[in-house]
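Reader: I would like to learn how to read a fold, its aromatic pairs and one side chain from a model. Please take them in that order.

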Amino acid sequence: MSRTDTQEIVEFARKWQQFDGGPDEEIFVTFGLAPDEYFRRLQAILDDGVAALTPPVTGELASVCAHRLGRSATRR
């Protein structure tokens with residue numbers, strides 16, 4: 001994943017973090033990814049620490065990822 005991709009994913013996540021990570025349709029239109037793939041990529045970025053976010057922000061975004069990935073797993 002390029003630095004630009006990483007930055008765009010993090011910016012989108014920050015924009016939508018208060019709204020449960022954003023609508024599935026917006027994720028698909030913006031990134032061409034299924035929501036579960038987007039949140040897996042975001043979680044990998046957070047795990048790698050390449051986004052240079054504060055620990056509280058990282059924790060909040062990780063919680064959104066966990067919630068959304070858990071929700072997608074229960075829909076299958």
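Author: The turns below go from the overall fold to aromatic rings and then to Arg-40. Keep in mind that this is a predicted model.

Reader: Which secondary structure elements does the protein have, and how do they run from the N terminus?

Author: Begin with the count, then the order. Here there are four helices and zero strands, giving the run α-α-α-α from the N terminus on.

Reader: What share of the contacts links residues 24 or more positions apart?

Author: Of the contacts with a separation of 6 or more, 58% join residues at least that distant in sequence, 24 or more positions. As for burial, 34% of the 76 residues are buried. The protein exposes about 4,700 Å², with carbon and sulfur atoms supplying 54% of that area.

Reader: How many aromatic pairs does a search of the whole structure find?

Author: Six. Take Tyr-38 and Phe-39: their ring centres are 4.9 Å apart and their planes stand at 80 degrees, so this pair is edge-to-face. Planes over 60 degrees apart count as edge-to-face. Both Tyr-38 and Phe-39 are buried. Ring pairs also link these two with Phe-12, Trp-16, Phe-19 and Phe-31 in a cluster.

Reader: Is Arg-40 buried, partly exposed or exposed?

Author: Compare the relative accessibility with the cut-offs: under 20% is buried, over 50% exposed. Arg-40 has 40%, so Arg-40 counts as partly exposed.

Reader: Where is Arg-40 placed, and which side chain does a polar contact join to that of Arg-40?

Author: Arg-40 lies in helix H3, residues 35-48. Its side chain makes a polar contact of 3.1 Å with that of Glu-37. Cys-65 is 25 residues from Arg-40 along the chain, yet their C-alpha atoms are separated by 7.4 Å.

Notes. Residues numbered from 1 in each chain as written. Predicted model: local features only at pLDDT ≥ 70, side-chain atom pairs only at ≥ 80, totals over all residues. Heavy atoms only, no water. Helix = DSSP H or I, 4+ residues; strand = E, 2+ residues; numbered from the N terminus. Buried < 20%, exposed > 50% of the residue type's maximum accessible area, 1.4 Å probe, protein only. Contact = heavy atoms within 4.5 Å. Areas by Shrake-Rupley, 256 points an atom, 1.4 Å probe, with all protein chains shown as cover. Phe/Tyr/Trp six-rings, centres within 6.5 Å; stacked < 30°, edge-to-face > 60°. Polar contact = N/O pair within 3.5 Å; in protein donor to acceptor, adjacent residues only side chain to side chain.
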